[in-house]
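User: I have a model open and would like to go through the terms used to describe it. Could you show it and explain the reasoning behind each label?

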Amino acid sequence: MNSRRDFLQKLTTSAVALPFLPLYASSEQFNFYDQLYDGPVLRVAIMGLGSYGTRVAEAMQTCKRAKLVGVISGTPAKIKDWQSKYDIPKKNCYNYENYDSVKDNADIDAIYVITPNALHHQAVLRIAAAGKHAICEKPMALNAQQGQEMVDACNKANVKLLVGYRMHFEPNTLEIIRMRNEGDFGKILFFEGLSGFKIGDPNQWRLNKELAGGGSLMDIGVYSINGARYMVGEDPIWVTAQETKTDPIKFKEGVDETILFQMGFPTGAVASCLSTYSMNHLDRFFLNGDKGFAELQPSTGYGPIKGRTHKGELTKPHVTHQTLQMDKMAGIILAGEQAVVPVDGVEAVKDLKIIDAIYEVCKVGGKKELDL
């Protein structure tokens, strides 16, 4: 297994993808894709044509409100292949040197950045300067300072900055959030998030500090960080963390192998989370309250997401995550719609502040107070 993409894809191999369904699917809403749609469509270019970029492109073929119309890549052969496969006109194809000229292309509304982490910051700044909306994969940047600069640049340019938090649209996840908001779990007491897999190729960019910004925490651990926040329904006010490393050759200085971290929340709830590149079968969220519980396993894979609560099994229909994400993001950008859980740059900066704090306390110990 070479990467988080492979890990998540493995969890999906048996899934049957359904077309787009609204957030809280009902029998009436199953007909969404049987109906004609003639509203505005978000025209998207994808930057970074690797495995996940391909997954997003494939998912967008069944979107109603978002359409793949352009590409940005440093590999001419990939551009040529995508042109043919997705019927992309040559004028909508760019490389990493010339994509600033997208500002003169009225046929592209937004650019989805799906590149190594270290490239996100400059890409979004350039996209904002070109007057285009930006969608960026997570983690949005290498640290909170970079993330805030990205938010500020997009605000100054009056364009949207959204982040690829696909779980914020996932139906079973949103059912747990609905139940929590309605008090079904009572007072929230505890969250556990387990995110990990055994990473393969030691030469891949995810194990390169300069490109990844870290190790497992930046790649898979962000799911437990963000998941703790949307499952508990609060932002943490403190964090502690401990790093362990069994293979310092594969996981060089600044590339974390395994981190245990704990967070505390304003109402007294606590979270215990694990991020690792050295253990398989770790994709589980558990939420405990004084009146009930919720569990997701798998909790963040490409689906189907499975889970249960004290009231029984969660049965919301599986939806191709990236199809749902892109259609909902089109609504946010074009129609001012709101996500149940925010997917904007401000949300991402909060996660980056937590990541910064976790790395700090791994080095110096103690407890770090958070101001999100």
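Analyst: Happy to! One definition to start: contact means heavy atoms within 4.5 Å. Keep in mind too that this is a predicted model.

User: Thanks. Which residues does Ile237 touch, leaving out those up to four places away in sequence?

Analyst: Ile237 touches Gly264, Phe265, Pro266, Lys368, Glu369 and Leu370. With contact defined as heavy atoms within 4.5 Å, each of these residues has a heavy atom within that distance of Ile237, which means that each one counts as a contact. Ile237 itself lies in the loop between α8 (216–232) and β8. Another residue to look at is Leu372, which is 135 residues from Ile237 in sequence and 7.7 Å from it in space, C-alpha to C-alpha.

User: Why is Ile237 called partly exposed?

Analyst: Its relative accessible area is 33%. Buried means under 20% and exposed means over 50%, with partly exposed in between. The value of 33% falls between those two cut-offs, so Ile237 is partly exposed.

User: What makes Ser216 buried?

Analyst: Ser216 has 0% relative accessibility; the limit for buried is under 20%, so Ser216 counts as buried. This residue is found in helix α8. Beyond its neighbours within four places in sequence, Ser216 is in contact with Gly221, Asp256, Glu257, Thr258, Ser275, Thr276 and Tyr277. Along the chain, Ser216 and Lys198 are 18 residues apart, and their C-alpha atoms are separated by 10.0 Å.

User: Why is strand β9 described as largely enclosed by the rest of the structure?

Analyst: Strand β9 covers residues 258–264, and five of its seven residues are buried, so the rest of the structure largely encloses it.

User: How do you know that β9 pairs with β8 and with β10?

Analyst: Two strands pair if DSSP finds at least two bridges between them. Strand β8 (residues 238–244) and β9 have seven bridges, so they meet that condition, and the sense is antiparallel. Glu243 has Ile259 in β9 as its bridge partner. On the other pairing, seven bridges join β9 to strand β10 (residues 270–276), so this pair qualifies as well, again running antiparallel. There, Gln262 stands opposite Ser272 in β10. The hairpin of β9 and β10 has five residues between the strands, and Gly268 in this hairpin takes a positive phi near 105°.

User: What is the strand order in the open sheet, and why are β3 and β6 said to stand at the edges?

Analyst: The six strands follow the order β3-β2-β1-β4-β5-β6, with parallel pairing. β3 (93–94) and β6 (161–163) each have a single partner strand, so one side of each is left without a neighbour in the sheet.

User: How many bridges support the pairings of β4 and β5 in that sheet?

Analyst: Four bridges join β1 to β4, running parallel, and here the partner of Ile46 is Tyr112 in β4. β4 and β5 also pair in the parallel sense over four bridges, with Ile111 opposite Ala134 in β5. Strand β5 (residues 133–136) pairs with β6 over three bridges, also parallel, and Ile135 is matched there with Leu162. Each of these counts reaches the required two bridges, so each pair is a genuine pairing by that definition.

User: Which way do the residues of β4 point, and are they buried or exposed?

Analyst: From strand β4 (residues 110–113), Ala110 and Tyr112 point one way, while Ile111 and Val113 point the other way. All of them are buried, meaning under 20% relative accessible area.

User: What makes an empty space a cavity or a pocket?

Analyst: A 1.4 Å probe fits inside a cavity but cannot get out, whereas a pocket is an open set of points. A search of the whole structure finds three cavities of 30 Å³ or more, and about 60 Å³ of space lies in the largest cavity. Among the residues lining the largest cavity are Lys138, Tyr165, His168 and Tyr230. The largest pocket has a volume of about 360 Å³. Its lining has 17 residues, with Lys209, Gly213, Gly254, Tyr359 and Lys363 nearest its centre.

Conventions. Residues numbered from 1 in each chain as written. Predicted model: local features only at pLDDT ≥ 70, side-chain atom pairs only at ≥ 80, totals over all residues. Heavy atoms only, no water. 1 Å grid on protein atoms, 1.4 Å probe; cavity = no way out; pocket = protein on both sides within 12 Å on 5 of 7 lines; lining within 4 Å. Points joined across faces, edges and corners; volume = space filled by probe spheres on them. Buried < 20%, exposed > 50% of the residue type's maximum accessible area, 1.4 Å probe, protein only.
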